[in-house]
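Trainee: Could you walk me through this one before I go back to the bench? I'd like to start with the charged pairs.

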Amino acid sequence: MPSRSLNNWRTVRVAELDEIENAHRKVGGILRGRRYATIQINHAYATLVSAQFQGYCRDLHSECVRHLVSKIEVTGIAPYDLRNVLQEEFISKRKLDSGNPNPGNLGEDFNRLGIDFWTKVKAHNFKNAQRQSLILELNVWRNAIAHQKFASLSGGSGSLPISRVRIWRKACEDLAVDFDAVMSAHIGLLIGSPPS
């Protein structure tokens with residue numbers, strides 16, 4: 001059963017990404033060719049893909065933490081007052097609260113839940129190694145766009161084709177599903193029931 005975080009990704013977050021995809025079509029049309037008006041939309045779209053993915057990952061992490069801590073309390077291992085301390089410790093200085101959803105930040109945050117996150121994600125689906133590289137690339141672009149520093153990018157320009165943004169979006173969509181499955185299995189092994 002998918003997590004609440006994944007259900008929200010598939011409904012609310014994807015709908016918001018679809019809105020900017022539709023705006024791109026209205027401004028630039030659907031035919032090939034250079035359309036200068038779409039460059040800013042492509043930048044906004046890439047930034048929004050990163051932001052929505054970050055929100056999803058943070059939601060999933062929080063959901064796992066809440067489920068883990070609530071189960072500990074139910075089993076009587078920890079008194080109620082300790083529940084808040086444990087929950088705060090799991091999310092204290094969480095990278096996803098202030099940093100991009102790059103592979104390093106994702107690994108650091110989810111690893112705190114007792115998992116070798118990227119090892120498990122890559123083992124779950126061999127395509128996730130490439131998807132990991134794609135989200136790294138997305139976040140390099142996100143930072144270049146946000147800080148208007150394109151010199152370090154390949155080609156040194158801010159020209160970003162919509163096809164690349166769509167590839168990043170698809171990688172995030174696929175990783176969302178696999179992150180959900182990996183964390184559900186991990187939490188299920190730890191405490192006997194996955195987040196629901």
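Mentor: A salt bridge here is a side-chain nitrogen of Lys or Arg within 4 Å of a carboxyl oxygen of Asp or Glu. Please keep in mind throughout that this is a predicted model.

Trainee: Okay, and how many salt bridges does the structure hold?

Mentor: There are 11 salt bridges in the structure. One of them pairs D97 with R94, where the closest N and O atoms are 3.1 Å apart.

Trainee: Are D97 and R94 buried or exposed?

Mentor: D97 is partly exposed, with a relative accessible area of 42%, whereas R94 counts as buried at 7% relative accessibility.

Trainee: And what does E108 pair with?

Mentor: E108 forms a salt bridge with K95, and the closest N and O atoms of that pair are 3.9 Å apart. E108 belongs to helix 4 (residues 103–111) while K95 sits in the loop between helix 3 (80–91) and helix 4, so the pair ties together parts that are 13 residues apart in sequence. E108 counts as partly exposed at 43% relative accessibility, and K95 is partly exposed too, with a relative accessible area of 31%.

Trainee: Which residues are joined into one network by salt bridges that share partners?

Mentor: R131, K170, D174 and D178 are joined in that way.

Trainee: What about R13, which partner does it form a salt bridge with?

Mentor: R13 forms a salt bridge with D59, with the closest N and O atoms 3.0 Å apart. This pair links distant parts of the chain, since R13 is in helix 1 (residues 4–28) and D59 is in helix 2 (residues 38–74), 46 residues apart. R13 is buried, with a relative accessible area of 13%, while D59 counts as partly exposed at 27% relative accessibility.

Trainee: Changing topic, where does R169 lie, and what does it touch?

Mentor: R169 lies in helix 7 (residues 162–191), and at 9% relative accessibility it counts as buried. Leaving aside residues up to four places away in sequence, R169 touches V14, L17, D18, E21, Y45 and V49.

Trainee: Now the cysteines. How many disulfides does the structure hold?

Mentor: The structure holds 0 disulfides. C57 is in no disulfide, and the nearest cysteine sulfur, that of C172, is 7.7 Å away.

Trainee: Why is there no bond from C172 to C57?

Mentor: The sulfur of C172 is 7.7 Å from the closest cysteine sulfur, in C57, and that is too far for a bond, because a disulfide needs the two sulfur atoms within 2.5 Å.

Trainee: And are those two buried or exposed?

Mentor: C57 is buried, with a relative accessible area of 0%, and C172 is likewise buried, with a relative accessible area of 0%.

Trainee: Last topic: at roughly what angle do helix 5 and helix 6 cross?

Mentor: The axes of helix 5 (residues 117–124) and helix 6 (residues 128–147) cross at roughly 125° and come within 8 Å. That angle makes helix 5 oblique to helix 6.

Trainee: Which residues meet there?

Mentor: From helix 5, W118, V121 and K122 meet N128, A129, Q132 and I135 of helix 6. The residues of this contact divide into 4 nonpolar, 2 polar and 1 charged.

Definitions and conventions:
Residues are numbered from 1 along each chain as its sequence is written. This is a predicted model: local features need pLDDT of at least 70, side-chain atom pairs count only at pLDDT 80 or more; totals for chains, interfaces and linings use all residues. Side-chain values use heavy atoms; hydrogens and water are left out. Axes are lines fitted to C-alpha atoms, for helices over the stretch in contact, and angles run from 0 to 180 degrees between N-to-C directions. Helices (H or I, at least four residues) and strands (E, at least two) are DSSP runs, numbered from the N terminus. Angles under 35 degrees count as roughly parallel, over 145 as roughly antiparallel, 65 to 115 as roughly perpendicular and the rest as oblique. Contact means heavy atoms within 4.5 Å. Ala, Val, Leu, Ile, Met, Phe, Trp, Tyr, Cys and Pro count as nonpolar, Asp, Glu, Lys and Arg as charged, and the others, Gly among them, as polar. Buried means under 20% relative accessible area, exposed over 50%, partly exposed in between (1.4 Å probe, protein chains only).
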